[in-house]
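The following exercises concern cysteine pairing, backbone geometry and surface character. Please work through each task before reading its solution.

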Amino acid sequence: MLLGLVSAIADGMNYEEMMDLVADSGLECVEVACWPAGKAERRYAGVSHIDVERVLEDDGYARHILDYAKQKKVKISSLAYYPNTMDGNLEKREIAVEHIKKLICASAKLGINMVTTFIGREQSKTVEENLKLVKEIWPPIIALAEEKKVKIAIENCPMLFGADQWPGGQNLMTTPAIWRKVFEILPSKNLGLNYDPSHFVWQMMDYIQPIYEFKDKIFHVHYKDIKIYPDRLKQTGIMGYPLDFMSPKLPGLGDVDWGKYVSALTDIGYDGCSCIEVEDKAFEGSVEDVKRSVVLSTRYLRNFVG
């Protein structure tokens, strides 16, 4: 199992500076943020360390991406882009789908063969209505991934944190019950999971058992922690906005039992990439804070991933 970083936290750094950070931190892989150009709609989005359109058009640029990664002895685990492909705004939906297709093609060209993303959700519609949208929107994306021999790993983040994402959130694949239904609709060996235990914590769910049930679908792994504040939860209840009763934290500073989590991954023989995802507001004050967050997370997780 390789230990790495989700590059979105390195906003403001170019590709080379980001890769230097990963290498200097003693990490072995990186999930590279590849948003299209434009203004970010939320935190940790809009970051682009690889221009996928340029990869597809410029062979010299593509070679440089790979050569620099090789020089730094860092494996690119996936090309990452987390939009809402089932947005109720059809223009936004089309932009998201087309960019994911570009990521698939660029990932194949670079020999990475992995894209990490969301399935999306029309947040005002029911689960059942969204499953119908999956049947409509996702088969052509999966067909392209199969053609290019690229795996798509869907993160299980509900994207339901505040009023703008209420009531249903912007990502459908949030629970094992829904995973089973989506995998029935899209029975492809190229579609799987980017498994993040933190989202199960604030949903009051078991984050260990699904590792065993979905062992063949875990393509990529995240390390992000979540801290529940019981006093706040008593005031808001589970129907409140999640950020009113929880906070993302660095691994080891929240409620995930990382020993049990990594133990379960070793039980199923997972030997792929596992990436630290930093979303801790306590470490966003400066570039030095960001670098310190990566160092601290790496030091802690080396107790489990070596």
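**Exercise 1. Cysteine pairing**

Determine how many disulfides the structure holds, and examine cysteine 34 and cysteine 105.

*Solution.*
1. The model is a predicted one, and it holds zero disulfides.
2. Cysteine 34 takes part in no disulfide: the nearest cysteine sulfur belongs to cysteine 275 and lies 13 Å away.
3. A disulfide requires two cysteine sulfur atoms within 2.5 Å.
4. For cysteine 105, the closest cysteine sulfur is that of cysteine 34, and the separation of 13 Å is too far for a bond.
5. The surroundings of the two residues can then be classified. Cysteine 34 has 0% relative accessibility and therefore counts as buried. Cysteine 105, at 21% relative accessibility, counts as partly exposed; the class of buried residues ends under 20%.

**Exercise 2. A cis peptide bond**

State which configuration the peptide bond from tryptophan 166 to proline 167 adopts, and locate proline 167.

*Solution.*
1. Most peptide bonds are trans.
2. The bond joining tryptophan 166 to proline 167 is cis, with omega near 5°.
3. Proline 167 belongs to the loop that runs between β5 (151-155) and α6 (176-185).

**Exercise 3. Positive phi values**

Describe the phi angles of lysine 73 and methionine 159, and decide whether each residue is buried or exposed.

*Solution.*
1. Most residues other than glycine have a negative phi.
2. Lysine 73, a residue other than glycine, has a positive phi near 60°. Its place is the loop between α3 (59-72) and β3 (75-80).
3. With 72% relative accessibility, lysine 73 counts as exposed, the cut-off for that class being over 50%.
4. Methionine 159 also has a positive phi, near 50°. Methionine 159 is found in the loop between β5 and α6, where proline 167 is found too.
5. The relative accessible area of methionine 159 is 6%, so methionine 159 is buried.

**Exercise 4. A nonpolar surface patch**

Identify which residues make the nonpolar surface patch of about 360 Å², and place methionine 204.

*Solution.*
1. The patch of about 360 Å² is made by Met204, Ile238 and Met239.
2. Methionine 204 sits in the loop between α7 (198-202) and α8 (209-213).
3. A residue must have over 30% relative accessible area to enter a patch. Methionine 204 has 44% relative accessibility and so counts as partly exposed.

How values were computed. Residues are numbered from 1 along each chain as its sequence is written. This is a predicted model: local features need pLDDT of at least 70, side-chain atom pairs count only at pLDDT 80 or more; totals for chains, interfaces and linings use all residues. Side-chain values use heavy atoms; hydrogens and water are left out. Buried means under 20% relative accessible area, exposed over 50%, partly exposed in between (1.4 Å probe, protein chains only). Helices (H or I, at least four residues) and strands (E, at least two) are DSSP runs, numbered from the N terminus. Patches are made of residues with over 30% relative accessible area and no salt bridge: like charges are joined within 9 Å, nonpolar side chains (Val, Leu, Ile, Met, Phe, Trp, Tyr) within 5 Å. Accessible areas come from the Shrake-Rupley method with a 1.4 Å probe; for residues, only the protein chains shown count as cover. A salt bridge is a side-chain nitrogen of Lys or Arg within 4 Å of a carboxyl oxygen of Asp or Glu.
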